[in-house]
Amino acid sequence: MAEQQEIVICGVDGVLALIEHRLRHLYNEEGVKHWDRFLEACGDDMPNIPLIDRLNQARAEGVPVILLTGRSAAVREQTLEWLRRWQIGYDGLWMRPANDFKPAVEFKAAVIAQHFADVNIRRVYESDTQLDFAHWCTDNNIPCTLVGHNQGNSETRELFELKIIRHACDHTVLYPFYGDDDFTWPDRMQLLTEGSCRVCQVEEQRNEQRRKSEQARYQAQQRGLPPLEGSDKQCAWAESVRLNAFGAADKVLKWMDQVAAQAEEEDPDHWHTMQQSVRKSIEYLENQIDAKWWIDHRHGMMNNLDGGRALLSSIAQELGYF
Ligand SMILES: [Zn+2]
């Protein structure tokens, strides 16, 4: 049997092309994402030279390098020109069609399935902001090297280097380091080495969220609250919102205990009306099983006395108890 053809696949944005200088079109004080400007500025990207060295090494060994990018084919001409200008060798370029707005992972997985199903993918180089595709590679036993993100939004990029970092989680990631970083290179290397890679960080965050919502569900059960209705995701979210709300309601009840004697003496009628409306509002919350309702009402559900008072009085008003 003939030896199977090998290829290397490499991403473009944030992998081969360093895009920090144009992220300001997406993340700015206006809070508006100017995708068109972000895309148009791609011609000014700096090339990731140490990575290009690696790709050239693969090509020298007879392994074709395929560029596979979620970047829109609307800027195909600029991209070809950029590749020419920096003399980047490659053997194929797949860009996401301009009218394709599906997640990049779907486009990339489809290209691989349709065109590279019979070849052995030696390695994929991908940005650590494209974790869905990195996961897809892992699931398909394709080795994937992540290229990390630079923290600075550097304008001067004359001095930069690609460094391999072995994270505390034992994963290795390539990071571009620039001359004008907020940290010195040794400091940044140490910070990165001590922490987990982004894949593991995201995983840890997800586990933490799962743990919190399980805890919230348990506490809700202990309290005798009915199970919530909605999708799993909605219920997990709503559960922690509900827990906060009841934490705040508890604080209101405790406060009422403290002021009861005096309030009763000063204005018994008003006090009784208030007690009743608080009780009915809490009852209403206890019977609220629609996860979406909790998510829609999450703003202002602070787990403190003021939050509790604001919540209960707004429910009372909504229900016409006042
Ligand atoms: Zn990791």
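Biologist: What makes asparagine 141 count as exposed?

Modeller: Asparagine 141 has 7 other C-beta atoms within 10 Å. The limit for exposed is 12 or fewer, so asparagine 141 is called exposed. This is a predicted model, and the count is computed from its atoms.

Biologist: Where is the place of asparagine 141, and what is its phi?

Modeller: Asparagine 141 is in the loop that runs between helix 5 (131–139) and strand 7 (144–147). Its phi is positive, about 60°, although the residue is not a glycine.

Biologist: Why is a positive phi pointed out for a residue other than glycine?

Modeller: It is pointed out because most residues other than glycine have a negative phi. Glutamine 87 is also a non-glycine residue with a positive phi, of about 50°. Glutamine 87 belongs to the loop between helix 3 (76–85) and strand 5 (92–96).

Biologist: How do you know whether glutamine 87 is buried or exposed?

Modeller: By the count again. Within 10 Å of glutamine 87 there are 9 other C-beta atoms. Exposed needs 12 or fewer, and therefore glutamine 87 is exposed.

Biologist: Why is tryptophan 35 put in its class, buried or exposed?

Modeller: Tryptophan 35 has 11 C-beta neighbours inside 10 Å. With the limit at 12 or fewer, tryptophan 35 counts as exposed. This residue is in helix 1 (residues 35–40). Its C-alpha atom is separated by 30 Å from that of aspartate 53, which is 18 residues away along the chain.

Biologist: What makes asparagine 56 partly exposed?

Modeller: Asparagine 56 has 14 other C-beta atoms within 10 Å. Exposed stops at 12 and buried begins at 20, so asparagine 56 is placed in between, as partly exposed. Asparagine 56 is in helix 2 (residues 49–60). The C-alpha atoms of asparagine 56 and glycine 89 are 7.0 Å apart, with their positions 33 residues apart along the chain.

Biologist: Why is glutamine 234 called partly exposed?

Modeller: Glutamine 234 has 16 C-beta neighbours inside 10 Å, and partly exposed is the class between 12 and 20. Glutamine 234 is found in helix 8.

Biologist: What does glutamine 234 touch?

Modeller: Leaving out residues up to four places away in sequence, glutamine 234 touches Ala291, Lys292 and Ile295. The C-alpha atoms of glutamine 234 and isoleucine 295 are separated by 7.6 Å, though these residues are 61 apart along the chain.

Biologist: What makes isoleucine 289 partly exposed, and which residues does it touch?

Modeller: Isoleucine 289 has 16 other C-beta atoms within 10 Å, again between the limits of 12 and 20. Isoleucine 289 touches Pro226, Pro227, Leu228 and Glu229, not counting residues up to four places away in sequence. Its place is the loop between helix 9 (268–286) and helix 10 (291–296).

Biologist: Why are helix 8 and helix 11 called roughly perpendicular?

Modeller: Helix 8 (residues 232–266) and helix 11 (residues 305–319) pack at an angle of about 95°. Roughly perpendicular covers 65 to 115 degrees, and the two helices are therefore given that name. Their axes are 8 Å apart.

Biologist: Which residues of helix 8 and helix 11 meet?

Modeller: From helix 8, Ala245, Ala248, Ala249, Lys251, Val252 and Trp255 meet Leu305, Gly307, Gly308, Arg309, Leu311 and Leu312 in helix 11. The residues of this contact divide into 8 nonpolar, 2 polar and 2 charged.

Biologist: Which residues have the most contacts inside the largest nonpolar core?

Modeller: They are Ile9, Cys10, Val15, Leu16, Ile66, Leu67 and Tyr125, in a core of 28 residues. Strand 4 (residues 65–72) gives the most to this core, with 4 residues. Another core, apart from it, has 13 residues, including Ala216, Ala249, Val252 and Met301.

Biologist: What does isoleucine 9 touch?

Modeller: Not counting residues up to four places away in sequence, isoleucine 9 touches Ile66, Leu68, Ile121 and Val124.

Biologist: How is the protein divided into domains?

Modeller: Domain 1 covers 6–196 and domain 2 covers 226–319. The C-alpha centres of domain 1 and domain 2 are 49 Å apart.

Conventions: Residues numbered from 1 in each chain as written. Predicted model: local features only at pLDDT ≥ 70, side-chain atom pairs only at ≥ 80, totals over all residues. Axes fitted to C-alpha atoms, helices over the stretch in contact; angles between N-to-C directions. Parallel < 35°, antiparallel > 145°, perpendicular 65-115°, else oblique. Contact = placed C-beta atoms within 7 Å. Nonpolar A, V, L, I, M, F, W, Y, C, P; charged D, E, K, R; others polar. Core = buried A, V, L, I, M, F, W, Y, C linked by C-beta atoms within 7 Å. Domains from an automatic or database assignment.
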